Amino acid sequence: MSNLPKISDIYTDKLSIQKADVFVTLMNQQPKQEWVKDHPFIRGYKYLPIERIEYLLKTIFKSYKIEITGQGTSFNGVWVTVRIHYLHPVNNEWLFHDGIGASQLQTAKGTSPADLNNINNGALSMAYPVAKTIAIKDAADHF
């Protein structure tokens with residue numbers, strides 16, 4: 001029993017505990033209502049635009065990096081995986097969160113998305129950035 005810490009030993013670094021509590025409270029705040037948008041294609045779905053996610057990353061973490069860890073195709077779409085590396089503002093450690101996003105390839109109007117013969121010009125150059133954006137948002141959800 002003598003190897004167990006005393007309760008006073010656990011709470012010796014009160015300042016760090018208080019900073020961690022403040023940080024958790026900050027991270028659990030709702031975003032400004034005017035930042036929340038209605039999705040243009042999904043009725044009743046609300047979301048934060050990527051520029052607001054990036055603003056929050058820059059403002060809260062100061063130092064962060066987004067790394068694309070993978071990309072590929074899956075049937076009629078593309079997928080991207082990312083890793084957000086960030087310097088934790090309380091404990092000053094580099095940590096990360098992973099995310100994945102996907103987007104279907106745009107096809108000619110009125111055709112089936114399964115008909116890959118009707119893929120629009122530039123479909124890949126539109127789908128990959130959308131998939132990357134979704135992956136960043138997915139990783140940021142872990143905060």
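**A sheet, its cover and an aromatic cluster**

Biologist: Which residue of β4 stands opposite G70?

Modeller: G70 has its partner in strand β4, and the model I'm reading this from is a predicted one. Strand β4 takes in residues 77-87, and β3 pairs with β4 in the antiparallel sense over 10 bridges. Another facing couple is I68 with V82 of β4. For G70, the residue across the way is T81.

Biologist: OK, so which strands are at the edges of that sheet?

Modeller: Three strands make an open sheet with antiparallel pairing, in the order β3-β4-β5. An edge strand here is one that pairs on one side only. That description fits β3 (64-74) and β5 (94-104).

Biologist: How much does the twist average from one strand to the next?

Modeller: We're still talking about the open sheet ordered β3-β4-β5. Going from one strand to the next, the twist averages 15°.

Biologist: Over how many bridges do β4 and β5 pair?

Modeller: β4 and β5 pair in the antiparallel sense too. One facing couple there is W79 with A102 of β5. The count of bridges for β4 and β5 is 11.

Biologist: Now the turns. Which residue takes a positive phi in the hairpin of β3 and β4?

Modeller: That hairpin has 2 residues between its strands. A phi near 55° turns up there, and the residue that takes it is F75.

Biologist: And which residue in the turn between β4 and β5 has a positive phi?

Modeller: The hairpin of β4 and β5 puts 6 residues between the strands. One residue in the turn has a phi of about 60°, and that's N92.

Biologist: Why is β4 said to be largely enclosed by the rest of the structure?

Modeller: A residue is called buried when its relative accessible area is under 20%. Strand β4 has 11 residues, and it counts as largely enclosed because of how many of them are buried: 9 of the 11.

Biologist: Which helix lies across β3, β4 and β5?

Modeller: The protein has 4 helices and 5 strands, and the elements run α-α-β-β-α-β-β-β-α from the N terminus on. The helix you're after runs at about 140° to β5. Lying across β3, β4 and β5 is α4.

Biologist: What about T107, buried or exposed?

Modeller: T107 is found in the loop between β5 and α4. Leaving aside residues up to four places away in sequence, T107 touches S112, P113, D115, N118, I119 and N120. Its relative accessibility is 14%, so T107 counts as buried.

Biologist: Let's do rings. How many aromatic pairs does the structure hold, and what kind do F23 and F61 form?

Modeller: The structure holds 5 aromatic pairs. For F23 and F61, the centres are 6.1 Å apart, with 70° between the planes. Planes over 60 degrees apart count as edge-to-face, so with its 70° the F23 and F61 pair is edge-to-face.

Biologist: How many residues apart are F23 and F61?

Modeller: This pair links distant parts of the chain. F23 belongs to helix α2 (residues 14-27) and F61 to helix α3 (residues 50-61). Both residues are buried, and their separation in the chain is 38 residues.

Biologist: Then what sort of pair do F61 and F143 form?

Modeller: The ring centres of F61 and F143 are 4.9 Å apart, and the planes make an angle of 40°. That makes the pair tilted.

Biologist: Why does the pair of F61 and F143 tie together separate parts, and how far apart are they in sequence?

Modeller: F61 lies in helix α3, whereas F143 is in the segment after α4 (123-140), so the pair ties together parts at some separation in sequence. At 4% relative accessibility F61 counts as buried, while F143, at 24%, counts as partly exposed. The parts that the pair joins are apart by 82 residues.

Biologist: Which residues do ring pairs link into a cluster?

Modeller: F61 pairs with F143, and F61 also pairs with F23. Y86 belongs to the cluster as well. The full set is F23, F61, Y86 and F143.

Biologist: Last one: over which ring does the charged end of K65 sit?

Modeller: There's an arginine case too, with R83 over the face of F96 at 4.0 Å from the ring centre. The charged end of K65 is 4.6 Å from the centre of its ring, which belongs to W94.

Notes:
Residues numbered from 1 in each chain as written. Predicted model: local features only at pLDDT ≥ 70, side-chain atom pairs only at ≥ 80, totals over all residues. Heavy atoms only, no water. Phe/Tyr/Trp six-rings, centres within 6.5 Å; stacked < 30°, edge-to-face > 60°. Buried < 20%, exposed > 50% of the residue type's maximum accessible area, 1.4 Å probe, protein only. Lys NZ or Arg CZ within 6 Å of the ring centre and 35° of its normal. Pairing = 2+ DSSP bridges. Axes fitted to C-alpha atoms, helices over the stretch in contact; angles between N-to-C directions. Contact = heavy atoms within 4.5 Å.
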